[in-house]
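Let's take a walk through this structure together, one piece at a time. Keep the 3D view open and turn it as you read.

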Amino acid sequence: MCDKTTEASLETQRVSPKATVEPSQYERKRVPGMCIKCKVIKPNVTIRRSLYCKACFVRTCVVKFRTALSRSRKNTTVPRTKLMVALSGGPSSSAMLNLMADFQRMELRGTEAQSRYEDIIAGHVDESVLFPDVQDSLISEIAISLSIECRITKLEDVFATNDEAPLFIKLVQSTLAPGALKDKICAHLVKTNDSISSKKRLQSLFSSLASATDREEMLDIIKTLLLIRLARKAECGVLLMGDSGTRIATKIVSLASRGRGFSLPFEVGAESSWFDNVVVYRPMRDFIMKEIAFFNMWTKQNSVVVPTFTTGAPKRASIGRLTESFVIGLDHDFSSTVSTICRTMQKLEPRKQALNSLPCLTCGMPVENDAQAWRSRLTVSKPLAVEAEPTIQSNGSNDVPSDEDGLVRADITDVVCYSCQNILTSAASGTTFPGATVDHFLKSKGPGDAKVDIVNAKQEALRKQIETFLLNDNE
Amino acid sequence: MSEAEEITVNVEFSGGMERLMKDQASSIQAKLPEPATIRDLIIHVRDNVVEDKKELFSKNDTVCPGILVIINGSDWEVEDSEDTVLSNKDTVLFISTLHGG
């Protein structure tokens, strides 16, 4: 056999890898029909064409979580702090809480008997105002069963009157037209009117949004906002979000198609330091939903079904729903679709410009300059009622107080990101939106100016104003 | 094989799957003529147990992508997926992984 060392024989050997051929490393590692890890037990699950038995699978999940968490830790500089686990109660966040509790136990059992995290707290946003079917007692039970404290904030708290959220955005008028000169979103920045309960305000916000896509996006924005606040309040320097790989892949596609590409690295990245004082990690990013489902089943981890606006709705109900079925459908036929999308995304880095951008008034994510220029390049257009209203001018100096509450209309177009502009434009005027960074803006205008209800949105104008303030103070 | 022979399979639904079923049942017992495969069970559930929105449960005589099928605690893909032959008193669990997280 060895005499004929022609190219042809090598070729045939390659085609038929029989006993004569040394098995490749890949093949040597596997025992056909047995678990890929222990090689002696019959497998119970297949993940991306690899077979695992129950015990090896659970162990692999634990290790995978720890690796992801340590990698995120390495990439960011965070002092020893408390850690908050965002808990929606769904399978992914419940599994994450379980894995985090296990991580903490292991750390405490170690030689140093001191964990890298002072304490683990679960943070939950109660959505019962929109989805009354969810049993929130079950969610706090998930935390209790793992001996973890659970802090709960209600969705309507985003409209609560406290120091953190003093002002809201009340939409006055919005006209966005491709190529138009007068793309404007004008709003009052108002203090809450106590006569309306925050619950009602939230419900009316969601009912005035134009589409399921907008509602889903708004819900995401509010939840993130509340979780960040909750983490800050609990003095947690790290917030864990339970986005699975499947979810991240879906989010990448849907965020990009909604015009959130600019802030995408912050919204789905493995770690994000965009928010002040709180670093966000996504340690479940390497898990696909199938792994999470099996992990929960075999570790007897309870979870609840978290409904969304499009649960049980047809595929085309919203962009989020459509991309989900698209990504999952693709992954069904090509089992590495999800990981390919995620790995491609991991190569994305936020542009320098994004890191220095101002945060969006509504969602708190970076605002891309010239969102209007983008829009003016769009070709889709519809005629708008463009009756010029003299009070709405881009220049702050032309702002005229409206008759209501003596407030001043402000042009906020340039401090709202492209995607939020879309939401605001299609919403009914008079709708009140929670402001992620309104207070931030007012603070930047200088102390002693707390009563200022005007924000002139032109960034340059704003900067000039701050300069003026500083000069005045020095003088 | 006599035509009268039937097997009983315990069927469970979770992860939101139960909302699609009649009376939002989270578990049922299905009687199928022997020999029966998972495909037969899926067709049985689709035609007799799913309330409406059958397209969210099944497509082309198999489950929609995103729905896991677990037979006696093991992934069906470890066996023969739709062609796995069911035995009497098997437990089959359908989990929806859509909208999780």
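Start with two helices in chain A: the axes of helix α6 (residues 198-208) and α7 come within 9 Å and cross at roughly 145°. Why give those two numbers? Two packed helices are described by the angle between their axes and the distance between the axes. The crossing also has a hand: α6(A) passes α7(A) in a right-handed crossing. Keep in mind that you're looking at a predicted model.

Which residues meet where α6(A) and α7(A) touch? On the α6(A) side you'll find A:Leu202, A:Leu205 and A:Phe206, and from α7(A) come A:Arg215, A:Met218, A:Leu219 and A:Ile222. Sorted by class, this contact has 6 nonpolar residues, 1 charged residue and no polar ones. And here's a handy bit of helix geometry for the spacing of residues like these: an α-helix has 3.6 residues a turn, so residues three or four places apart point the same way.

Stay with α7(A), but look for charges now. A:Glu217 pairs up with A:Arg260 in a salt bridge, with N and O 2.7 Å apart. A:Glu217 sits in helix α7 of chain A, while A:Arg260 belongs to the loop between α8 (245-257) and α9 (264-268), so the bridge links parts of the chain that are 43 residues apart. Are these two partners buried or exposed? A:Glu217 counts as buried because its relative accessibility is 3%, which is under the 20% cut-off. A:Arg260 is buried too, at 3% relative accessibility. The pair has company as well: salt bridges with shared partners join A:Glu217, A:Arg258, A:Arg260 and A:Glu267 into one network.

Helix α7 (residues 212-233) of chain A holds another charged partner, A:Lys223. The side chain of A:Lys223 meets that of A:Glu127 in a salt bridge, 3.1 Å from N to O. A:Glu127 lies in the loop between β4 and α5 (136-145), and the two residues are 96 apart along the chain. A:Glu127 is buried, at 10% relative accessibility.

Now move to the strands. A:Lys154 and A:Asp126 form a salt bridge, their closest N and O atoms being 3.4 Å apart. A:Lys154 is in strand β5 (residues 149-154) and A:Asp126 in strand β4 (residues 117-126), so this bridge too links distant parts of the chain, 28 residues apart. A:Asp126 is buried, with a relative accessible area of 7%, whereas A:Lys154 counts as partly exposed at 38%. Over all chains, the structure holds 19 salt bridges.

Next, zoom out to where chain A and chain B come together. The two chains bury about 2100 Å² between them, 62% of it on carbon and sulfur atoms. Chain A gives 31 residues to the contact and chain B gives 23. How many salt bridges cross the interface of chain A and chain B? There are 2. B:Asp75 meets A:Lys290 in a salt bridge, at 2.7 Å from N to O.

That lysine takes us to our last stop, helix α10 (residues 289-298) of chain A, which is mostly covered: 9 of its 10 residues are buried. A:Lys290 is among the buried ones, and so are A:Phe294, A:Phe295 and A:Trp298. After α10(A) comes A:Lys300, which has a positive phi, near 55°.

Key:
Residues numbered from 1 in each chain as written. Chains lettered and ligands numbered in written order. Predicted model: local features only at pLDDT ≥ 70, side-chain atom pairs only at ≥ 80, totals over all residues. Heavy atoms only, no water. Salt bridge = Lys/Arg side-chain N within 4 Å of Asp/Glu carboxyl O. Helix = DSSP H or I, 4+ residues; strand = E, 2+ residues; numbered from the N terminus. Buried < 20%, exposed > 50% of the residue type's maximum accessible area, 1.4 Å probe, protein only. Axes fitted to C-alpha atoms, helices over the stretch in contact; angles between N-to-C directions. Left-handed = near helix turned anticlockwise from the far one by under 90°. Contact = heavy atoms within 4.5 Å. Nonpolar A, V, L, I, M, F, W, Y, C, P; charged D, E, K, R; others polar. Buried area = accessible area lost by both parts, 1.4 Å probe.
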